[in-house]
Amino acid sequence: MKRSPATPLVLLLTSLASAVQAADLTEVANAAWDYDGTWRADRQTWEADQETLVQGRAALLPTIDASHRYSEINQTYESTGDLEIDGRSRSTSVTLTQPLFRLDAFYGYKEAKSLTSVAQAEFYQSRQDFVLRVAQGYFGVLRAWDTLVSAQAEEKAISRQLEQSQERFDVGLVASTDVEEARAAYDLARVNLIVAEQEFDIARDQLETLTGRKWETLAELRDNLPMEGPQPSKMNAWIDKAAYQNPQILAARYSAKAAGFTADRQLGAMLPKVQLFAEYQHNHNTDPSVSGGDPGNPLTQFYSTQPDTNSKTIGIEVTVPLFRGGGLNSQRKQAALLADAAGQRYQQTIRDVSQQTRTFYRTVEADALRVDARRQAIRSTRSALEATQSGYEVGTRNVVDVLNAQQALFAAERDYANARYDYIINSLTLKSTTGDLQQGDLAAINQWLSDTETLNIYQPDLEGRSDALVPDTRY
């Protein structure tokens, strides 16, 4: 099913595929969106990091505390004739405080805002990493599949060459060295086939781990793809865009700001703090029992008739940290040094990302040329193989030349397939350096997949597929 590349991936619903329709890139991406543990953890981490701003703002807002205290009282006053008081007391209080001057809290709030921005930038990077993982997983299977098909075709072709060399040796047309050369080439082809089978199984398992599903069939790439190189074609346009919105640069920038506010907060912790406070308190004494003492003593009479009390207090409190063992000044120096270090890391991140952007720009530019060159190499090596086979028939070329020509053709076919996959992955990576890689880019690449060419992962028809790649070695 083809989908518009402008439609966000998260809004694409995976429909039930028919028996003949292979899964495409967007269907695989939708499955990974809900299953991939790394991506789900990144989303939860981002939501958790949003609470940093709430916590930083809390230090600037009023605080209200309530307390209730219950106590059993037993007091003896020897100076009043052994006056003894037994009773119960309940005390309830509500306290409100409002910071009026707290530089440490103010800069702590600014620090929290910067840290929230860091979390946002890291989340953007995580989303881009998710898109790249999906593309690498999907095209990793296709890449391993093409390698497996080529390896089996090569093994079949060299096997035929070995059989024919043995037949020609049996009738005395070639020397035994031709048979040994063919056998050595066949053994190497068998090893390559075993490795290709293993790599295909690994790529398939990795895709299943990413999506939590077993995919029976996958759509393959179309033959003709618009591999025109980076667009826009100016390298500086990519570098400027990366410097402006690359998530790593944004994260480093806000980290440097947060470190600066941390240094300001530690300096503010050494300054006076002013806050408004208000308190209401209610005390209730339950039936005090008074024994002993002089009945005419005013203290005895007071405790015998002690009333409930209510108190209201309001005022301004000023706290000045005078000396705390040198810890505050040490923390201030430490925060200032860390702020300088964060600034240096920010500048280095800009340089690193700029270099990465230049590298991937040149890589994609070369990939586009490499695809065309690899396609032409297949034509050239096929023509060379045909010429070598003709020479072998008339006795001007030996079996080693034929085997080398066959191996060169299969290597050219593998290189061509790898060049196409490299172009796709490197193009997505280049876009990620600018911070512009979105889920919709997968939907756009999905249009490059074929409606008819599919691979069956668990029941591969390698026999039929590889015959088309086997050169004609009959003489």
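Modeller: Let's start with a word we'll need: a residue is buried when its relative accessible area is under 20%. By that cut-off, 39% of the 475 residues of the chain count as buried. Keep in mind that this is a predicted model.

Colleague: Fine. How many helices and strands does the secondary structure of the chain come to?

Modeller: There are 12 helices and 6 strands. As for how the chain folds back on itself, take the contacts between residues at least 6 apart in sequence: 85% of them join residues at least 24 apart.

Colleague: Helix 4 catches my eye. What should its residues span at 1.5 Å a residue?

Modeller: The idea is to compare an expected span with the actual end-to-end distance. Helix 4 has 68 residues, so it should span 100 Å, and its end C-alpha atoms are 97 Å apart, which agrees. Right after the helix comes G172, with a positive phi near 80°.

Colleague: And along a helix, why do residues three or four places apart point the same way?

Modeller: An α-helix has 3.6 residues a turn, so such residues end up facing the same side.

Colleague: Let's try some residues on helix 4, then. Is S114 buried or exposed?

Modeller: S114 lies in helix 4, and it is buried because its relative accessible area is 6%, under the 20% cut-off. Leaving aside neighbours within four places in sequence, S114 is in contact with Y254, K257, A258 and F261. G137 is on helix 4 too. At 14% relative accessible area, G137 also counts as buried. Its C-alpha atom is 9.3 Å from that of V28, although G137 and V28 are 109 residues apart along the chain.

Colleague: Which residues touch the most other members of the largest nonpolar core?

Modeller: To read a core, look for the members with many partners in it. This one has 64 residues, and Y138, F139 and L218 touch the most other members. Helix 4 supplies the largest share, 15 residues. Not counting residues up to four places away in sequence, F139 touches L25, L221, Y421, I424, I425, I445 and L449. Apart from this core lies another one, of 11 residues, including L162, V179, A189 and L403.

Colleague: Helix 9 next. Where does Q355 fall, and how accessible is it?

Modeller: Q355 is found in helix 9, residues 327–394. It counts as partly exposed, because its relative accessibility is 38% and that class runs between 20% and 50%. The C-alpha atoms of Q355 and I239 are separated by 8.6 Å, with those positions 116 residues apart along the chain.

Colleague: D367 carries a charged side chain. Is D367 buried or exposed?

Modeller: D367 sits in helix 9, and it is buried, since its relative accessible area is 2%. Outside its neighbours within four places in sequence, D367 is in contact with D422, Y423 and N426. For N426, the C-alpha separation from D367 is 8.4 Å, and the two are 59 residues apart along the chain.

Colleague: What about pockets? How much space lies in the second largest one?

Modeller: With a pocket, go from its volume to its lining and then to the chemistry. The second largest pocket holds about 420 Å³ of space. It is lined by 17 residues, and G229, Y423, S427, K431 and W448 are the closest to its centre. Helix 10 (399–433) and helix 11 (440–446) are the elements that give two or more residues to the lining. Helix 10 gives the most, with 6 residues. By class, the lining has 11 nonpolar, 3 polar and 3 charged residues.

Colleague: One last thing, the backbone. Which peptide bond is cis, with omega near 10°?

Modeller: That's the bond from Q231 to P232. P232 is placed in the loop between strand 3 (217–221) and helix 6 (235–245).

Key:
Residues are numbered from 1 along each chain as its sequence is written. This is a predicted model: local features need pLDDT of at least 70, side-chain atom pairs count only at pLDDT 80 or more; totals for chains, interfaces and linings use all residues. Side-chain values use heavy atoms; hydrogens and water are left out. A nonpolar core is a set of buried Ala, Val, Leu, Ile, Met, Phe, Trp, Tyr and Cys residues joined through side-chain atoms within 4.5 Å. Buried means under 20% relative accessible area, exposed over 50%, partly exposed in between (1.4 Å probe, protein chains only). Helices (H or I, at least four residues) and strands (E, at least two) are DSSP runs, numbered from the N terminus. Contact means heavy atoms within 4.5 Å. The expected span of a helix is 1.5 Å times one less than its number of residues. On a 1 Å grid over the protein atoms alone, a cavity is a set of points where a 1.4 Å probe fits but cannot get out, and a pocket is an open set with protein on both sides within 12 Å along at least five of seven lines; lining residues have an atom within 4 Å of a point. Grid points are joined across faces, edges and corners, and a volume is the space filled by probe spheres set on the points.
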